[in-house]
Amino acid sequence: MEALRHVIFDSAFGHGEQFGAIWRGWPADGAPLHYIAVAAALPPAAALALDGSQGEILRAAWPLALPGMHRLALDGERVTLDLLVGELDDWLPQVAARVNEFVLPQPIAAMRNLARLAAPGATLRVHAPQEADLKALRSAGFVWENGAAADGWLQALYTSRKPQAPRPLRPQREAIVIGAGVAGAAACERLAARGWQVTLVERHGGPAQEASGNHAGIFMPLLSKDDNIPTRLTRAAYLYALRHWQRLGGVSAGGQRAVKGAQCGVLQLARDAEHAALQREVVEHWNYPPEFVRWLDADAAGSLLGSATQHGAWLFEQSGWAYPTSACKSMLAACGDRLRHVFHSEALTLTRVADLWQVRGISGELLAEAPNVILANGGGARHLAQSAPLPLYTMRGQVTHLAADAFPPLPLVVCREAYMTPAVDGIVCVGATYDGDEDRALRDASQRENLQRAEQILGAERLAPYHLDQAPLQGRVGFRCMAPDRLPLVGQLPDYGAEYRMERLRDVPRHAGLYSLLGYASRGLIWAPLAAELLTCQLEDEPLPLEAPLVEALDPARFFLKARRKE
């Protein structure tokens, strides 16, 4: 079994001096290294204090200077670097990790708070501590011998004065994933990367046959003036997805790389003058890097669009479109022989027998059994007894397909009331509707809605030569699985049969070995990799790739707890 990760917490990343020294000396046959570092601001990649191959690897993966947590998988995932951008005092309560080693380039005010993160026997090095710092360390449970300082560094050991909860037993690394769309494929890939054996159960004959089967999906971040939870979560997922696709082999429009797609840019037009003013204010307030987003005035936006527009727009230069099926297939291929497929089989019942979940099909036949099951089947989760109480619903989305020569050429993705893609394999995608019914057939009313929105964006004059009112009814219908707050459900499922009162998420009773990756709404393409990484880290008791409040915002028990509080 793979060795447990060695987790290091560095209170000040600087230019990576400490990280580089530890990485250089890390044994090739040692436990995986997981380095968590706080950086008040990210230095430019060129200023990093790493040279040689390690410097090249880190600079190639270096993130944009954006707030939040950036997880970088380096050296074939033998080394993981979590960069926490912001102030240390803000980050310490939000980190979810068991730390084996603390590196403090200078003493910190919140020394006592380190005890919450310290694993039993954790070590600590701090440079030039003063008497008040030593007192705080002792209070936190750290001890050292007289004369333990060397070159100005004090070496200390964590010995908790309070009984600590034992580390959870390592899970039996076998799982069943139900659903072969982007959610399920990402779960398979992340689990297999940790050494799990995975069985994938899918009712269709191959991956990406439902919502993940669209001709082109759009990937882009979400912005807001207050940088709220949906904004922070979506930004983290978007940035992680871009890095994840690069690790898989990259993105190319011709399909030569792992993910078929193009970072051609996304132009998000303002709805009106008030929205344009807000767009500009958001970009100026947060001082985002221009590679992430730029605000364009009406003239500049119209120049890119090829049509006059009354208001400005956000331009996301690194965003674009991708073919979700290619992402699914690449993630499943990366699993190698750790993955077994069970296609043409719909999971209809889950039964816990001893320590195993049994997944059975339409005739009661046993499809698979394993200690862990992950539901990644979108709206299908509403039909399983254990997940039926979740407040999930679906929204119908019809995308219109037009021949490339039947629509004005676009150099990038354009969105406002609708989105429009450049031609992808000779097809322009315009959509998508939000309908409350479950009609799978293409219908004229939805096509007219899509084309009317396109006309509102591009103008009747530009579209007139194409006679879109005579366009054939072609496209695709998919169903988005959604939760009331439009956020995914990532984590262990609550047991709705529990009767006792609870006040906190950690008190909610859960189904043993049953987890969800559900409710991705319209953003499954970017949500899938990060959500799968988060769930895998929860299963493996590894440091989480998101700060604690954001993890709680995704907990599938959040609705259950809210309902019980009302009772």
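Helix α10 is followed by G459, whose phi is positive, near 95 degrees. The model described here is a predicted one.

**Helix α10 and its sheet**

Helix α10 has 15 residues, and from its first C-alpha to its last it reaches 21 Å, close to the 21 Å expected at 1.5 Å a residue. Its buried residues are S446, Q447, N450, L451, A454, I457 and L458. Seen down the axis of α10, these buried residues fall within an arc of 130 degrees, so they line one face of the helix. A general rule helps in reading such a pattern: an α-helix has 3.6 residues a turn, so residues three or four places apart point the same way.

What is the order of the strands in the open sheet of 8 strands? The order is β16-β17-β15-β25-β26-β27-β24-β28, and the pairing is mixed. Strands β16 (294-296) and β28 (475-482) stand at the edges; each has a single partner strand, so one side of each is left without a neighbour in the sheet. Within the sheet, β26 (residues 419-420) and β27 (residues 427-431) pair in the antiparallel sense over 2 bridges. M420 has V430 of β27 as its bridge partner.

Helix α8 (residues 298-305) packs on this sheet and touches β15 (266-269), β16, β17 (313-316) and β25 (413-415). The direction of α8 makes about 130 degrees with that of β15. Helix α10 (residues 444-458) also packs on the sheet, touching β15, β24 (393-403), β25, β26 and β27. The direction of α10 makes about 65 degrees with that of β24.

**Helix α12 and the cores**

Helix α12 (residues 524-540) has 17 residues, which at 1.5 Å a residue should span 24 Å; its end C-alpha atoms are 23 Å apart, which agrees. Is α12 mostly covered or mostly uncovered? It is mostly covered, with 16 of its 17 residues buried.

The largest nonpolar core has 82 residues, of which V177, F292, L517 and L546 touch the most other members. Helix α12 gives the most to this core, with 11 residues. Not counting residues up to four places away in sequence, L546 touches M69, L233, A236, L530, L534, V551 and L554. A second, separate core has 32 residues, including L104, M111, L114 and A115.

**Backbone details**

Most residues other than glycine have a negative phi, and most peptide bonds are trans. The table lists residues with a positive phi.

| Residue | Phi | Place |
|---|---|---|
| D425 | near 55 degrees | loop between β26 and β27 |
| A521 | near 50 degrees | loop between β30 (510-518) and α12 |
| D541 | near 55 degrees | follows α12 |

D425 is exposed, with a relative accessible area of 56%. The peptide bond from G431 to A432 is cis, with omega near -10 degrees. Where does A432 lie? A432 is in the loop between β27 and α10.

Key. Residues are numbered from 1 along each chain as its sequence is written. This is a predicted model: local features need pLDDT of at least 70, side-chain atom pairs count only at pLDDT 80 or more; totals for chains, interfaces and linings use all residues. Side-chain values use heavy atoms; hydrogens and water are left out. Helices (H or I, at least four residues) and strands (E, at least two) are DSSP runs, numbered from the N terminus. The expected span of a helix is 1.5 Å times one less than its number of residues. Buried means under 20% relative accessible area, exposed over 50%, partly exposed in between (1.4 Å probe, protein chains only). Two strands pair if DSSP finds at least two bridges between them. Contact means heavy atoms within 4.5 Å. Axes are lines fitted to C-alpha atoms, for helices over the stretch in contact, and angles run from 0 to 180 degrees between N-to-C directions. The arc is that of the directions from the helix axis to the C-beta atoms. A nonpolar core is a set of buried Ala, Val, Leu, Ile, Met, Phe, Trp, Tyr and Cys residues joined through side-chain atoms within 4.5 Å.
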